[in-house]
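Visitor: Please show me the model, and then take my questions one by one.

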Amino acid sequence: MRMPLRVSLCFALLLAVVPLWAQEEDAEGCKDSVFITRMPGSTIHSCDSKEFDQFKFPLGADADGQAKEKAVEGEYHSWDYGTREGVSELQVFRNFENALKKAGFTIDWENSPGEITAHKGSTWYYLDNKGSFYSQTIVTEKAMEQEVTASDLSDEIKKSGHVAVYGIHFDTGKATIQADSEAVLQQIVQLLNDDPALKLRVEGHTDNQGAAAANQTLSEKRAQPVVAWLTAHGVAASRLVAKGYGATKPVASNTTEDGRAKNRRVELAKQ
């Protein structure tokens with residue numbers, strides 16, 4: 001039986017409109033990675049990009065059951081996606097596992113069907129998969145461009161009496177200074193060399209995660225090796241004192257990761 005023209009046209013219009021209703025729009029300003037795209041039918045709910053940041057990529061556990069991870073610093077991107085209806089967790093996992101291999105990535109660790117860590121050259125990738133939604137994090141390793149100078153530090157100390165220094169990095173939960181901190185520490189040496197009368201209190205600060213007493217101890221232990229590094233590089237010990245404040249002097253909200261990152265800092269204060 002032949003369908004009347006008017007009914008036929010209405011049916012065609014309905015088919016054209018339904019996909020527009022069914023497909024959510026991506027969050028404003030968000031686009032897929034150039035390395036690995038999305039699972040078909042997924043929608044980007046949020047995304048984040050930073051010129052330079054650190055992410056700790058999971059690598060399973062060692063023989064003693066301790067978690068292993070690789071901290072990668074560089075250009076940072078992350079995406080949160082929602083999948084189309086009817087997609088299983090395993091289906092998402094296998095799609096990304098195969099896509100990564102075809103793109104030339106090496107799978108470093110996987111926890112089927114939930115997580116994948118992989119890398120290709122200096123680019124590291126992490127999938128956190130829940131089936132109905134998943135996130136991707138990609139960091140391409142690069143050295144941080146030194147932006148903090150002795151002149152900048154001096155200007156801020158003259159203006160406010162103290163300055164936060166975010167380029168001094170420590171091992172997680174420890175007081176060991178990481179090697180990439182040297183460029184910033186050298187600028188502090190230059191600051192003190194340029195002004196022989198200047199005396200500084202080196203302050204350690206933490207976020208509010210964990211017990212207050214432990215944060216206080218950690219902040220003190222982190223201030224001390226900074227002083228030790230500076231004295232080992234020619235600064236007189238009499239010009240420096242180490243002090244820890246734990247989480248008692250936040251400069252941002254501890255309810256977000258960005259805020260907590262700002263609170264985990266070393267400050268220099270004029271004595």
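The questions below go through the disulfide, two helices, the cores and two single residues.

Visitor: What kind of model is this, and which pLDDT is needed for side-chain atom pairs?
Guide: Residues are numbered from 1 along each chain as its sequence is written, and side-chain values use heavy atoms, with hydrogens and water left out. The model is predicted; totals for chains, interfaces and linings use all residues, local features need pLDDT of at least 70, and side-chain atom pairs count only at pLDDT 80 or more.

Visitor: Which residues does the disulfide join?
Guide: A disulfide is taken as a pair of cysteine sulfur atoms within 2.5 Å, and a search of the whole structure finds one. The S to S distance is 2.1 Å, and the pair is Cys30 and Cys47.

Visitor: Is that disulfide left-handed or right-handed?
Guide: Its partners are 17 residues apart, with Cys30 in the loop between helix H1 (5–22) and strand E1 (43–61), and Cys47 in strand E1. Helices (H or I, at least four residues) and strands (E, at least two) are DSSP runs, numbered from the N terminus. The torsion about the S-S bond of Cys30 and Cys47 is about -90 degrees, so the disulfide is left-handed.

Visitor: Is Cys47 buried or partly exposed?
Guide: Buried means under 20% relative accessible area, exposed over 50%, and partly exposed in between (1.4 Å probe, protein chains only). Cys30 is buried, at 9%. Cys47 has a relative accessible area of 32%, so Cys47 is partly exposed.

Visitor: How many residues of the largest nonpolar core come from H4?
Guide: A nonpolar core is a set of buried Ala, Val, Leu, Ile, Met, Phe, Trp, Tyr and Cys residues joined through side-chain atoms within 4.5 Å. The largest has 25 residues, and Ile168 and Leu268 have the most contacts inside it. H3, E7, H4, E8, H5 and E10 each give two or more residues to this core. The largest share comes from H4: six residues.

Visitor: What arc do the buried residues of H4 cover?
Guide: The buried residues of H4 (residues 182–194) are Val184, Leu185, Ile188, Val189, Leu191 and Leu192. Because the arc is that of the directions from the helix axis to the C-beta atoms, its width shows whether they share a side. They are on the same side of H4, since their arc is only 155 degrees.

Visitor: Which strands are among those that cover the buried residues of H2?
Guide: In H2 the buried residues are Val92, Phe93, Phe96, Glu97 and Leu100. Their arc around the axis is only 130 degrees, which puts them on the same side of H2. What covers them includes strands E3 (106–111), E4 (115–120), E5 (123–129) and E6 (133–141).

Visitor: Which backbone oxygen does the side chain of Thr83 reach?
Guide: Thr83 lies in the loop between strand E2 (67–82) and helix H2 (89–102), and counts as buried at 16% relative accessibility. Contact means heavy atoms within 4.5 Å; beyond four places in sequence, Thr83 is in contact with residues including Gly41, Ser42, Val92 and Phe133. At 2.7 Å, its side chain reaches the backbone oxygen of Gly131.

Visitor: How far is the C-alpha atom of Ala228 from that of Ile157?
Guide: Ala228 lies in helix H5 (residues 212–232) and counts as partly exposed at 43% relative accessibility. Ala228 and Ile157 are 71 residues apart along the chain, and their C-alpha atoms are separated by 21 Å.

Conventions:
The expected span of a helix is 1.5 Å times one less than its number of residues. A polar contact is a pair of N or O atoms within 3.5 Å; within protein, one must be able to donate a hydrogen and the other to accept it, and residues adjacent in sequence count only if both atoms are side-chain atoms.
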